[in-house]
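Q: Hi! I've got a structure open here and I'd like to find my way around it. Can we go through it together?

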Amino acid sequence: MIVGLALLPVCWGVTRAFYDSVVAAAGATGGITPESVALVGGMLAFAMCWMAVPHPVKTYVLGHELTHAIWGLLFGAVPSKLRVSASGGSVSLTKSNMIITLAPYFFPFYTFLVIVVALVTFAFIRPLPWLPLWMFIVGFTWSFHVLFTIETLAQRQPDVTLYGRVFSWVFIFLANVALVLVFLASVTPLSFVQLKDFLVHRILDAYVGAWDAIVVAYRWIVSLCSRT
């Protein structure tokens, strides 16, 4: 909890850096592009599906458990006994850690599959055909990830409580925003150097502001105690 609270200024700084990055990317591309419209359109399309039709829970559970398995493999674990149902799922791993446990909440599994297919297509066909369509699917699957993650975190999750809710929520938020920022720097004129500058500047500002607020609160408490 202490680490999670100490990272709260980072959340604010990263949020402001995200805004700076979006503005910079939009400015460099001259504003609205067919790709950006398709991306936002895909996100809105799934949001409308979310409100209009039954939620594809088994599809989400399958991606959730496969994400545990993929990140387990990356850390040397051996997955087995994959189980998926509408009421939940599970996968057995020979080892685990914080990243493996929280991976489904920050790693958009189906978006990752779309990007892999796009990269394979790009290896054979250049330039990548139907780019707005690809961006629409990326937005659609990303919205799937975000909405299901929010719904899941609203419930009591053993994955989250294992490392403490405060720390887990902060880590999940930062990891999700970090992936979006990397995506922006990869597909827009926004450079990684610009992104680094935004992050460093905004995070430092957030900690300076937090320290100033603590000092003001401390002085107010001291002044209040001296009066009594």
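A: Happy to! Keep in mind that this is a predicted model. Let's begin with the second largest pocket, whose lining has 8 nonpolar, 9 polar and 3 charged residues.

Q: How much space lies in that second largest pocket?

A: About 350 Å³. Its lining is made of 20 residues, and those nearest the centre are His 64, Glu 65, Gly 88, Gly 89 and Gln 157.

Q: Which helix gives the largest share of that lining?

A: That's H4, with 6 residues. Helix H4 (57-74), strand S2 (88-93), H7 and helix H8 (158-161) each provide at least two lining residues.

Q: OK, and the largest pocket? How much space is in there?

A: About 1500 Å³. There are 48 residues in its lining, with Leu 39, Trp 142, Val 180, Phe 183 and Leu 184 nearest the centre.

Q: What's the split between nonpolar, polar and charged residues in that lining?

A: The lining of the largest pocket has 37 nonpolar residues, 10 polar ones and 1 charged one.

Q: And where do those lining residues come from?

A: At least two each come from helix H2 (8-28), helix H3 (34-52), helix H6 (109-124), helix H7 (131-153) and helix H9 (165-187). H9 gives the largest share, 12 residues.

Q: Switching topic: how many cavities of 30 Å³ or more are there?

A: The count is 1. Thirteen is the size of its lining if you count residues, and the ones closest to the centre are Tyr 60, Phe 107, Phe 109, Phe 144 and His 145. The volume of this cavity is about 90 Å³.

Q: Which helices line the cavity, and what classes of residue are there?

A: H4, H6 and H7 each supply at least two of the lining residues, and H4 has the largest share with 4. By class, the lining has 7 nonpolar residues, 6 polar ones and no charged ones.

Q: You listed His 145 there. Is that residue buried or exposed?

A: His 145 counts as buried, because its relative accessibility is 4% and the cut-off for buried is under 20%. You'll find His 145 in helix H7.

Q: What does His 145 touch?

A: Leaving out residues up to four places away in sequence, His 145 touches Pro 104, Tyr 105, Phe 106, Phe 107, Pro 108 and Asn 176.

Q: I see plenty of rings on my screen. How many aromatic pairs are there?

A: A search of the whole structure gives 16 aromatic pairs. Take Phe 106 and Phe 171: their ring centres are 5.8 Å apart and their planes are at 85°, so this pair is edge-to-face. The pair joins distant parts of the chain, as Phe 106 is in helix H5 (residues 98-106) and Phe 171 is in helix H9, 65 residues apart. Phe 106 is buried, at 7% relative accessibility.

Q: What about Phe 144 and Phe 148, how is that pair arranged?

A: Phe 144 and Phe 148 make a tilted pair, with 4.8 Å centre to centre and 55° between the planes. They are 4 residues apart in helix H7, so about one helical turn separates them.

Q: Why does that spacing matter for where side chains point?

A: An α-helix has 3.6 residues a turn, so residues three or four places apart point the same way. As for burial, Phe 144 is buried at 9% relative accessibility, and Phe 148 is buried at 2%.

Q: Which residues share an aromatic cluster with those two?

A: The cluster is formed by Phe 46, Trp 50, Tyr 60, Phe 109, Tyr 110, Phe 136, Phe 140, Phe 144 and Phe 148.

Q: One more topic: helix H10. How many residues does it have, and how far does it reach?

A: H10 has 36 residues and reaches 53 Å from its first C-alpha to its last, close to the 52 Å expected at 1.5 Å a residue. Its buried residues are Leu 195, Arg 202 and Ala 206, and what covers them includes H2 and H9.

Q: And H2, what span should it have?

A: The 21 residues of H2 should span 30 Å at 1.5 Å a residue, and the end C-alpha atoms are 30 Å apart, which agrees. Among the buried residues of H2 are Pro 9, Val 10, Asp 20 and Ala 25. Their cover includes helix H1 (2-6), H9 and helix H10 (192-227).

Note on methods:
Residues numbered from 1 in each chain as written. Predicted model: local features only at pLDDT ≥ 70, side-chain atom pairs only at ≥ 80, totals over all residues. Heavy atoms only, no water. 1 Å grid on protein atoms, 1.4 Å probe; cavity = no way out; pocket = protein on both sides within 12 Å on 5 of 7 lines; lining within 4 Å. Points joined across faces, edges and corners; volume = space filled by probe spheres on them. Nonpolar A, V, L, I, M, F, W, Y, C, P; charged D, E, K, R; others polar. Buried < 20%, exposed > 50% of the residue type's maximum accessible area, 1.4 Å probe, protein only. Contact = heavy atoms within 4.5 Å. Expected span 1.5 Å × (residues − 1). Phe/Tyr/Trp six-rings, centres within 6.5 Å; stacked < 30°, edge-to-face > 60°.
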